[in-house]
Amino acid sequence: LMGISMGANITYKLLANNYEFNDYLTGFINISNFFHQLKSVQKNKYTLTDYFLVKLQKGYLHKYVDILKYNKEIDYDFLINKATRLEQLIGTIGVKMFKYESEEDYYRKTESGPDIDKVKIKTLILVAKDDPIVMLYNEDYSKSKKF
């Protein structure tokens, strides 16, 4: 199994908390997983990285305009025309659409960093050392197991 970026995060979280897949999988390649979303967003706030991530996310939003406009909790006009930071997009989509209490609650419940030592199948984690979004911390390294 392989996951990249958000897909890596979601899959890692799933495998860390649902062991029934272990009978079917022999390994997992985890590429550019931002294990600590909140720290990443805070680190990149008001940076060029934040600007480009917002631009990229807005491109995705245009593809799903019908779904977003159908949801009365989502202010589509704000997302497309006024949001300038990634945290604004997450606050509008992640929190409201999926009924989290706050942005912090969203990040706490969806990031895979706290679960880094829980995946039981062989896992290869690939992260560029100078990646501006993905950050691994000493506590991640100390919890991870080497096979």
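Student: What percentage of the 147 residues of the protein count as buried?

Tutor: In this predicted model, 39% of them do. The cut-off for that label is under 20% relative accessible area.

Student: What makes the protein as compact as a globular protein of its length?

Tutor: Start with the layout: eight helices and three strands, running β-α-β-α-α-α-α-α-α-β-α from the N terminus on. The radius of gyration is 16 Å and the globule rule gives 15 Å for 147 residues; those values are close, so the protein counts as compact as a globular one of that length.

Student: Now helix H3. How does its reach compare with the span expected at 1.5 Å a residue?

Tutor: H3 covers residues 48-63, 16 residues in all. From first C-alpha to last, H3 reaches 24 Å, close to the expected 22 Å.

Student: Which residues of H3 are buried, and why do we say they line one face?

Tutor: The buried ones are Thr 49, Asp 50, Leu 53, Val 54, Lys 58 and Leu 61. Looking down the axis of H3, they fall within an arc of 165 degrees, so they line one face of the helix. What covers them includes helices H2 (37-44), H4 (65-70), H5 (76-82) and H6 (86-97).

Student: Which exposed residues sit on the face of H3 turned away from its buried side?

Tutor: Leu 48, Lys 55 and Lys 63. To earn that label, a residue needs over 50% relative accessible area.

Student: What makes Thr 47 a cap for H3?

Tutor: A side-chain oxygen of Thr 47 lies 3.3 Å from the backbone nitrogen of Thr 49, at the N-terminal end of H3. A polar contact needs N or O atoms within 3.5 Å, so this pair at 3.3 Å meets the distance cut-off.

Methods: Residues numbered from 1 in each chain as written. Predicted model: local features only at pLDDT ≥ 70, side-chain atom pairs only at ≥ 80, totals over all residues. Heavy atoms only, no water. Helix = DSSP H or I, 4+ residues; strand = E, 2+ residues; numbered from the N terminus. Expected span 1.5 Å × (residues − 1). Buried < 20%, exposed > 50% of the residue type's maximum accessible area, 1.4 Å probe, protein only. Arc of directions from axis to C-beta. Contact = heavy atoms within 4.5 Å. Polar contact = N/O pair within 3.5 Å; in protein donor to acceptor, adjacent residues only side chain to side chain. Rg over C-alpha atoms; globule rule 2.2 N^0.38 Å.
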